[in-house]
Amino acid sequence: MKQSRRLITLSHSYVVGLNRRLANEMMRVGAGAWDVTTVAPRFFHGDLSPLALRLEADEAARTEGVRAFFSRSLHTFLYGPELHAHLARGADLVHVWEEPYVLAGLEAALLTPRRVPLVFSTAQNLSKRYPPPFAQAERFVVQRASGWVAWGETVRDNLLTRPGYAERPARAIPMGVDADLFQPNRAAGESLRRELGWETSGPPVVGFLGRFVPEKGVPLLMAALDALDTPWRALFVGGGPMEGALRDWAARHPQSVRVLTGVPHSSVPRALNAMDMLCAPSQTTRQWREQFGRMLAEGFACGVPVLGSDSGEVPRTMDDAGIVLPEASVSAWTHAIANLLESPQRREELATRGRERAVTHFSWPVVAKAHLDFFIEVLERRG
């Protein structure tokens, strides 16, 4: 019997069980061919609250907890000395889900035995100049790597212009979505509408999911809704610095607007199912443009028609399953929203197309298999 290949996959994101879905699906998809071990911090300072590693009963991959130091900064945190012990035990391939310019990415590259292929994942879709020591870290990691995964086509296209990247195998792979958790469930959506004090027979609900910040297009969406002549309702789900301004605006539309904050990820499918369309009017800035847009894939999976701007990766994530609009045009957004509000048939067509795209392109088994296929390609090139 052929021995399984041993894969070690490392990420600070793995402190959250949801993010270990990639490793667990790689173990399931590669059953018998791959043995997957996840290395995760035992504790990490998250954006909103401290995070402690907790294992779930149904995880397929083995998870090893290690210490993480200076974890208030993604750029400068480091893994504890246990990482060296795990990497030294032997693996056929090491996958590092850390940016190549951060110190943790450099640490993993230094500690991975030279005989072992190293693949890193990156989401950088803007060309940036890094100060020391981050520029030197990126250069070393790229030179050390046997390949790299881009979380999107715009990420790959951007990085192919940087020194060293084009000399190594690369694969653009999207983020994954749980197509079983995120699925059409209109009964759940209607239940939430009733809890929000809405009649089930009211106007269609225009939805927003994400951070309440200008770059996510909250001001544009408010302006587009204000310009509508067609009756509408709107549900904003998320949180962020613009919450106060959003609630002030919502107070001017007391019957039509609801704002939900603090929604756990497990409850997001219910919120999406309360929407008749999802708007993602992301706005490009000098320092940011939309990378993958996980809310797009989650909306697709729930069978919700999706409208997205032409910022960054959004058009490639959407393809022909949603409506792509100019990111800065309030009139274009108003017109497109009005058309969907007035056309149940068009909404149904987009819902069907979006669900199909979620299952065939973004479901975790598909994403996990794409990773394993690329890892095999890297190993065969090395061989």
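Where is Phe70 found in this model? I will start there, with the reminder that we are looking at a predicted model, and then work through the sheet, two of the helices and a few individual positions.

Phe70 is found in the loop between β6, residues 68-69, and β7, residues 78-79. Its phi is near 60°, which is a positive value in a residue other than glycine, and as background for that remark, most residues other than glycine have a negative phi, and most peptide bonds are trans. Is Phe70 buried or exposed? Phe70 counts as exposed because its relative accessibility is 58%, and the cut-off for that word is over 50%.

Asp319 also has a positive phi without being a glycine, with a value near 55°. Asp319 sits in the loop between α11 and β17, and because its relative accessible area is 48%, Asp319 is described as partly exposed. A cis peptide bond is found between Pro132 and Pro133, with omega at about 0°, and Pro133 belongs to the loop that lies between β9, residues 118-122, and α4, residues 134-144.

Let me turn to the strands, beginning at the N-terminal part of the chain. Strand β1, residues 5-10, is mostly covered, since 5 of its 6 residues are buried. This strand is joined to β2, residues 34-41, by 6 bridges, and the two run parallel; within that pairing, Leu10 has Val39 in β2 as its bridge partner.

Further along, 6 strands make up an open sheet with parallel pairing, and the order across the sheet is β14-β13-β12-β15-β16-β17. Which strands are at the edges? They are β14, residues 257-261, and β17, each of which pairs on one side only. From one strand to the next, the twist averages 20°. If you want to look at the β17 edge on the screen, β16, residues 306-309, is joined to β17 by 3 bridges, with the two strands running parallel, and Ser309 stands opposite Leu325 in β17.

Next come the helices, and I would like to spend most time on α13. This helix takes in residues 344-362, which is 19 residues, and it reaches 26 Å from its first C-alpha to its last, close to the 27 Å expected at 1.5 Å a residue. Its buried residues are Arg347, Leu350, Ala351, Gly354, Arg357, Ala358 and Phe362. Why do we place these residues on the same side of α13? The reason is that they cover an arc of only 135° around the axis. On the other side of the helix, Gln345, Glu348 and Glu356 are exposed. As for what the buried residues pack against, the list has β15 (277-280), α10 (294-301), α11 (314-318), β17 (323-325), α12 (330-341) and α14 (364-382).

Helix α10 is itself mostly covered, with 7 of its 8 residues buried, and these are Met295, Leu296, Ala297, Glu298, Gly299, Phe300 and Ala301. The cover over them includes β12 (205-211), α9 (268-273), β15, β16, α11 and α13. Just after α10, Gly303 takes a positive phi of about 70°.

Two loop positions remain, and both are buried. Thr230 is found in the loop between α7, residues 218-226, and β13, residues 233-239, and it counts as buried because its relative accessibility is 15%, where the cut-off is under 20%. Which residues does Thr230 touch, once those up to four places away in sequence are not counted? They are Ala338, Leu341 and Glu342, and with Glu342 there is a polar contact of 2.5 Å between the side chains.

The second position is Gly217, which lies in the loop between β12 and α7, and which counts as buried because its relative accessibility is 0%. Leaving aside neighbours within four places in sequence, Gly217 is in contact with Pro281 and Gln283. The C-alpha atoms of Gly217 and Ala280 are separated by 7.2 Å, although these residues are 63 residues apart along the chain.

To close, I would ask you to keep two views in mind as you turn the predicted model: the open sheet with β14 and β17 as its edge strands, and helix α13, whose buried residues pack against elements including β15 and β17.

Methods: Residues are numbered from 1 along each chain as its sequence is written. This is a predicted model: local features need pLDDT of at least 70, side-chain atom pairs count only at pLDDT 80 or more; totals for chains, interfaces and linings use all residues. Side-chain values use heavy atoms; hydrogens and water are left out. Helices (H or I, at least four residues) and strands (E, at least two) are DSSP runs, numbered from the N terminus. The expected span of a helix is 1.5 Å times one less than its number of residues. Buried means under 20% relative accessible area, exposed over 50%, partly exposed in between (1.4 Å probe, protein chains only). The arc is that of the directions from the helix axis to the C-beta atoms. Contact means heavy atoms within 4.5 Å. Two strands pair if DSSP finds at least two bridges between them. Axes are lines fitted to C-alpha atoms, for helices over the stretch in contact, and angles run from 0 to 180 degrees between N-to-C directions. A polar contact is a pair of N or O atoms within 3.5 Å; within protein, one must be able to donate a hydrogen and the other to accept it, and residues adjacent in sequence count only if both atoms are side-chain atoms.
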